[in-house]
Amino acid sequence: MKISRIDHIVLTVSDVAQATRFYHEVFDMPVIQQQSTTGVTTLRCGHQLIRLQRADRNARKAAHPTVGSADLCIVTRDDLKDVLRHLKSYYVKIDSEPVTKQGSEGQMHSIYLRDPDDNLIEISSYK
């Protein structure tokens with residue numbers, strides 16, 4: 001078997017509409033699909049998708065979906081100084097100023113914040 005990439009991740013959130021607004025407005029992720037019958041919203045994140053669901057969704061899902069348990073890293077081509085200005089314009093609290101670390105493509109610089117459900121979001125740049 002040759003795995004090539006991750007297609008999508010699913011975040012369990014307390015309020016799908018609130019989470020959709022956050023990811024769409026703050027990160028400019030296009031909304032691909034909103035399913036009112038299932039309560040799932042799908043957003044595009046580069047070549048991957050992020051799906052937002054509530055824990056009480058009746059469908060195939062993780063055994064114990066928990067709000068606020070995700071820790072994910074998204075990569076930007078923008079300078080992190082510009083990203084910080086953008087986030088501050090949306091009153092997003094920054095947990096950490098830029099730190100240097102190793103990513104899948106080499107050395108990267110990252111900032112950390114939390115979404116409305118307290119999921120840890122790392123925004124990184126390889127510049």
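This is a short tour of a predicted model, stop by stop, for you to follow in your viewer.

**Stop 1: the whole chain**

Start with everything shown as a cartoon. You should find 2 helices and 8 strands. Walk along the sequence and they come in the pattern β-α-β-β-β-β-α-β-β-β. The radius of gyration is 15 Å, close to the 14 Å that the globule rule gives for 127 residues, so the protein is as compact as a globular protein of that length. Turn the model around: along its principal axes, the C-alpha trace spans about 45 × 40 × 25 Å.

Now switch on a surface. The protein exposes about 8,300 Å², and carbon and sulfur atoms supply 48% of that area. As for what is tucked away, buried residues make up 38% of the 127 residues. If you look at contacts with a separation of 6 or more, residues 24 or more positions apart account for 48% of them.

**Stop 2: a sheet of four strands**

Go back to the cartoon and select residues 71-75, 94-103, 106-114 and 120-125. These are β5, β6, β7 and β8. In what order do the strands of this open sheet lie? Reading across, the order is β5-β8-β7-β6, and the pairing is mixed. β5 and β6 stand at the edges with a single partner strand each, so one side of each has no neighbour in the sheet. Look at the twist too: neighbouring strands are turned by 30 degrees against each other on average, direction ignored.

A bit of background: strands of a sheet pair through backbone hydrogen bonds, and they can do so parallel or antiparallel. Zoom in on β5 and β8, which pair in the parallel sense over 5 bridges. Click on L72 and you'll find its bridge partner in β8, I121. Then try V75, whose bridge partner in β8 is S124.

Next, add helix α2, residues 80-89. Which strands does helix α2 touch as it packs on the sheet? It touches β6, β7 and β8, and its direction makes about 10 degrees with that of β7.

**Stop 3: the two faces of β5**

Show the side chains of residues 71-75. In a regular strand, side chains alternate between the two faces of the sheet. You can see that here: L72 and I74 point to one face and are buried. D71, C73 and V75 point to the other face and are not buried.

**Stop 4: a serine in β7**

Select S110, which sits in strand β7. Is S110 buried or exposed? With a relative accessible area of 0%, S110 is buried. Show what surrounds it: leaving aside neighbours within four places in sequence, S110 is in contact with L80, E97, P98, V99, K101, E122, I123 and S124. Try a distance as well, from the C-alpha atom of S110 to that of S125. The two residues are 15 apart along the chain, and those atoms are separated by 6.5 Å.

**Stop 5: three rings**

Move to helix α1, residues 16-27, and show F22, Y23 and F27 as sticks. Ring pairs link these three into a cluster. A pair of aromatic rings is described by the distance of the centres and the angle of the planes. The whole protein has 3 aromatic pairs. F22 and F27 form one that is edge-to-face, at 5.4 Å centre to centre with 85 degrees between the planes. Y23 and F27 form a tilted pair, with 5.6 Å between centres and 50 degrees between planes. Being 4 residues apart in α1, Y23 and F27 are separated by about one helical turn.

How about their exposure? Residues under 20% relative accessible area count as buried. F22 is buried at 11%, F27 is buried at 16%, and Y23 is buried at 1%.

**Stop 6: two aspartates in loops**

Most residues other than glycine have a negative phi. Your last stop has two that don't follow that.

- Select D28, in the loop between α1 and β2. Its phi is near 55 degrees, a positive value. D28 is exposed, with a relative accessible area of 61%.
- Then select D118, in the loop between β7 and β8. Its phi is positive as well, at about 75 degrees. D118 counts as partly exposed, at 46% relative accessibility.

Key. Residues numbered from 1 in each chain as written. Predicted model: local features only at pLDDT ≥ 70, side-chain atom pairs only at ≥ 80, totals over all residues. Heavy atoms only, no water. Pairing = 2+ DSSP bridges. Axes fitted to C-alpha atoms, helices over the stretch in contact; angles between N-to-C directions. Contact = heavy atoms within 4.5 Å. Rg over C-alpha atoms; globule rule 2.2 N^0.38 Å. Buried < 20%, exposed > 50% of the residue type's maximum accessible area, 1.4 Å probe, protein only. Areas by Shrake-Rupley, 256 points an atom, 1.4 Å probe, with all protein chains shown as cover. Phe/Tyr/Trp six-rings, centres within 6.5 Å; stacked < 30°, edge-to-face > 60°.
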